[in-house]
Every structure is written in C-alpha cells, then in structure tokens.
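Trainee: Please take me through this model point by point, with the cut-offs stated.

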Amino acid sequence: MKNTLEQRIQKLEDLEAIRTLQATYGHYVDKGWNEKEMDIKKLTEIFTEDALWEAPAAGVLANGHKEIIESFKSFDAKNKFFIHSFTNPIIEINEDKATAKWILFSPAIDGEKVICMLASYDNDYVRTTNGWRIKSLRLNMANVLGA
C-alpha cells in the first residue's frame, strides 16, 4: 500500500525532528570554545523523564533525569573540551517510536590529554506531546585515540 502525501510529509518532518534532537543533544554537552559551556540543565528538555544513558565501555549507566545530569556534571568537571560530530544516521520510525544508529567523531581534552573518541550510538526515541524525545542512548566506544 502506498503512503499518502500527508504520511510521507509526516515522515520527513519526523526524520528532521530526530536529526535536530540529536544535534541539540550534542550542542548542550559540547564545550570549550568561544566561552561555550555545557548546558546540562537543558538535557531534561530532550530526554524522557525515565530515559536511559549508557556507555558500557566507560562503566556509565544513568537512569532518569537526575542520574543523567549527575553524569554530565562529572564529565564537565573532567573535560575542558568536548565536541560531538554525528554522521551516517540510520533512522527507523514506527508511528510514535523511532530508533537510530549514528557514528560519533568526538575530539576532546580529557585532563591534559587531547583525545579523539570514535564510537557509535544506538538510540531510541519517542514522540511526546512536546515533540520527539530521547528514550535511551547507548554509546558504543570503538576507540579512543591519544588516550
């Protein structure tokens, strides 16, 4: 069965909203140039209240707004510079739920060392009354260069 024009437009709008949401996440947690600081409090605007943020290789498992914010406070204190560059999105939408795979290229300054993290993200998103939100974010580190 062929999708209607309205359904096709809705899918395009949803894809763009999810791309923008992921970019916004990166913007909120990037820091270190032009006096840019992490905007950790705004993370509650892009994650569901019961969201899960995990990075198994780093031993990070944060469940809900409070734990996610505490994790980023720790990242903020430890790192002078963070920048997220997301590429190669594969986004699948199923009504009010979506999944996405992203590739991450992330230069950072960890303590006194310049590093470059190469990783992928496996994320789940849900449509809420306030738009799309991140339900779960799983960071799969491939390599950290310079560590």
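Mentor: Helices (H or I, at least four residues) and strands (E, at least two) are DSSP runs, numbered from the N terminus. The model is predicted, so local features need pLDDT of at least 70 and side-chain atom pairs count only at pLDDT 80 or more, while totals for chains, interfaces and linings use all residues. Residues are numbered from 1 along each chain as its sequence is written, and side-chain values use heavy atoms, with hydrogens and water left out.

Trainee: How many helical turns separate E16 and R19 in helix α1?

Mentor: A salt bridge is a side-chain nitrogen of Lys or Arg within 4 Å of a carboxyl oxygen of Asp or Glu. E16 and R19 meet this, with their closest N and O atoms 3.5 Å apart. The two are 3 residues apart in helix α1, so the separation is about one helical turn.

Trainee: What does the relative accessibility of E16 make it: buried, exposed or partly exposed?

Mentor: Buried means under 20% relative accessible area and exposed over 50%, with partly exposed in between (1.4 Å probe, protein chains only). Its partner R19 has 35% and counts as partly exposed. E16 has 43%, so it also counts as partly exposed.

Trainee: What is the distance between the end C-alpha atoms of α1?

Mentor: The expected span of a helix is 1.5 Å times one less than its number of residues. For the 25 residues of α1 this gives 36 Å. The distance between the end C-alpha atoms agrees with that, at 37 Å.

Trainee: Which residues of α1 are buried?

Mentor: The cut-off for buried is under 20% relative accessible area. In α1 the residues that meet it are D14, L15, I18, L21, Q22, Y25, G26, Y28 and V29.

Trainee: What kind of pair do the rings of Y25 and F72 form?

Mentor: Rings of Phe, Tyr and Trp (its six-membered ring) pair if their centres lie within 6.5 Å; planes under 30 degrees apart count as stacked, over 60 as edge-to-face and the rest as tilted. The structure holds 10 aromatic pairs. Y25 and F72 have ring centres 6.2 Å apart and planes at 80 degrees, so their pair is edge-to-face.

Trainee: How many residues apart are Y25 and F72 in the chain?

Mentor: Y25 belongs to helix α1 (residues 5-29) and F72 to helix α2 (residues 64-78), so I would read the pair as a link between distant parts of the chain, 47 residues apart. Y25 is buried at 1% relative accessible area, and F72 is buried at 3%. To repeat the separation, it is 47 residues.

Trainee: What is the angle between the planes of W33 and F81?

Mentor: This aromatic pair is tilted, with 5.7 Å from centre to centre. It links W33, in the loop between α1 and β1 (47-55), to F81 in strand β3 (residues 79-82), 48 residues apart. W33 counts as partly exposed at 31% relative accessibility. The angle between the planes is 55 degrees.

Trainee: How many residues apart in sequence are R127 and D96?

Mentor: R127 and D96 form a salt bridge with closest N and O atoms 2.6 Å apart. R127 lies in strand β6 (residues 113-128) and D96 in the loop between β4 (85-94) and β5 (97-110), so the bridge ties together parts whose separation in sequence is 31 residues.

Trainee: Which residue joins D96 and R127 in a network of salt bridges?

Mentor: R127 is partly exposed at 29% relative accessibility, and D96 is partly exposed at 43%. A search of the whole structure finds 9 salt bridges. The network that holds D96 and R127 also holds D14.

Trainee: Which residue in the turn between β5 and β6 has a positive phi?

Mentor: Two strands pair if DSSP finds at least two bridges between them. β5 and β6 run antiparallel and are joined by 14 bridges, with I103 standing opposite S120 in β6. They form a hairpin with 2 residues between them, and the turn residue with a positive phi, about 65 degrees, is G111.

Trainee: Which residue has a positive phi in the turn between β4 and β5?

Mentor: β4 and β5 are antiparallel, with 8 bridges, and N94 stands opposite K97 in β5. This hairpin also has 2 residues between its strands, and the one with a positive phi of about 60 degrees is E95.
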